[in-house]
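Visitor: I'd like a close look at one part of this protein, with enough of the surroundings to place it. Could you take me through it?

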Amino acid sequence: MDQPRIPRTMRAMVLTRHGGPEVLELREVPAPEPGPGQVLVRVGAAALNNTDLWTREGAYGSRPDDPDARAGWRGPIDFPRIQGGDVAGEVVAVGDGAPEDLVGRRVLVDPAHYDHDGPDAHPVDILGSERDGGFAELVVVDAARAHRVDDSPLSDVELAALPIAYGTALGMLERGRAVAGETVVVTGASGGVGLAAVQLAAARGARVVAVTSGVHADAVRAAGAHACVDRTEGDLHESLVAACPDGVDVVVDVVAGPFVAQALDLLRDGGRWVVAGALGGHLLELDVRRLYLHNIALVGSTMHTPAHFETLVDLARRGDLRPVVARTYGLADLATAQEDLEGRGLVGKLVVTP
């Protein structure tokens, strides 16, 4: 079939080096072309995530031989780089071997590349970090990662809010085996992943206790939290004991730091503590006897598996999940959007519409 003519150039916000928002530049760049097994997507919307901030800053770690080295999610970043891992849009062209019937279809993009082809594969790189992403008018992705959502009642802006934050939250709940009737504590509950975890845990019938600042409590309750604990007031451990008098089954944690050791005793025997972030610090010291004497699992969770993402896409197709969107921005305002995300003053996803 004839495919639409691909423009020679496009507008994109380009990350030129590690640094502050000033290293982002709006440029006219060559439009990408889909290779074998790939599709070209016209970006309808692309959402922001903390990984955009940390990749821009080079905050993901250093090398043993150079403690001052800066890196992205999986290592050094090739500059210039177009960020943006969360993409919803329309397929406008396909490469050799990609399904031609995808042209003209509305899609939600799985931002991950995986270590193998199975449903439980692990992500090894992501769109917008190791590959150019969606803060542009066009983006190339593998056809297998472009999931059709033609009939979804969600807008492109709402769809774009899902992949990384809601995929990560779903991965945490699945790896933590959270089920209906259990008590789930969610830290960082007003952030992208935290708020997604509140919605998803409540939707599966768990009792959700959210840890957040008092100013965000009403918004977090509106997302589905049954109780909120103010992390800025009083003793957090005592407040959680009061909110969870029968103990905790699962902790969905994007904060980590000293809180892990301080609150590990809240878990019932057989409880699961799932970590997918380190906003409170990446080093911790804990008494491992608490783990093995009470059959507690401390689980690391990075993003989602292909199976998790399929579940997320099904929710989007049915409209069973409506992500919270705080604000939208034009492509040229990406630096402002990143500053707003870093300020933590907004509850819900921030989304760019090219």
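Visitor: To start with the whole: how far apart are the mean positions of the positive and negative charges of the protein? After that, please zoom in on strand E5 and its pairing partners, then wander outwards from there.

Guide: Charges first, then, and bear in mind that this is a predicted model. The protein carries 32 positive and 50 negative charges, and their mean positions sit 2 Å apart. As for the overall build, there are 10 helices and 18 strands. The radius of gyration is 20 Å, which agrees with the value near 20 Å for a compact globule of 354 residues. Along the principal axes, the C-alpha atoms fill a box of roughly 65 × 45 × 40 Å. Buried residues account for 54% of the 354. Of the contacts with a separation of 6 or more, 69% link residues that are 24 or more positions apart. The accessible surface comes to about 15,100 Å², and carbon and sulfur atoms own 48% of that.

Now for your strand. E5 covers residues 86–94, and 8 of those 9 residues are buried, so the strand is largely enclosed by the rest of the structure. Strands in a sheet pair through backbone hydrogen bonds, parallel or antiparallel. For E5, one partner is strand E3 (residues 38–47), joined to it in the antiparallel sense by 8 bridges. Another is strand E6 (residues 106–109), also antiparallel, over 3 bridges. A handy residue to centre your view on is Gly89: Val43 stands opposite Gly89, and Gly89 in turn stands opposite Val107 in E6.

Stepping away from E5, have a look at an open sheet of 3 strands in the order E2-E1-E4, with antiparallel pairing. Its edges are strand E2 (24–30) and strand E4 (81–82), each of which pairs on one side only. Strand E1, residues 9–15, is joined to E2 by 7 bridges, and there you'll find Arg11 opposite Glu28. On the way into E4, check the backbone. Pro80 is in the loop between helix H1 (50–57) and E4, and the peptide bond leading to it from Phe79 is cis, with omega near -5°. Most peptide bonds are trans, for comparison.

Next, hop to helix H3 (residues 163–175), which holds Ala165. Ala165 has a relative accessible area of 1%, so it counts as buried. Asn49 is 116 residues away in sequence, yet the two C-alpha atoms are 7.2 Å apart. Ala165 also touches Asn49, and the list of contacts beyond four places in sequence goes on with Gly192, Val193, Ala196 and Lys349.

Last stop: a couple of backbone oddities. Most residues other than glycine have a negative phi. Asn295 has a positive one, near 50°, and lies in the loop between helix H8 (288–293) and strand E16 (297–300). Past E16, in the loop leading to helix H9 (306–318), comes Met303, whose phi is likewise positive and near 50°. Their surroundings are another matter: Asn295 is exposed, because its relative accessibility is 61%, while Met303, at 6%, is buried.

Methods: Residues numbered from 1 in each chain as written. Predicted model: local features only at pLDDT ≥ 70, side-chain atom pairs only at ≥ 80, totals over all residues. Heavy atoms only, no water. Helix = DSSP H or I, 4+ residues; strand = E, 2+ residues; numbered from the N terminus. Rg over C-alpha atoms; globule rule 2.2 N^0.38 Å. Buried < 20%, exposed > 50% of the residue type's maximum accessible area, 1.4 Å probe, protein only. Contact = heavy atoms within 4.5 Å. Areas by Shrake-Rupley, 256 points an atom, 1.4 Å probe, with all protein chains shown as cover. Lys, Arg positive; Asp, Glu negative; His and termini not counted. Charge placed at Lys NZ, Arg CZ, Asp CG, Glu CD. Pairing = 2+ DSSP bridges.
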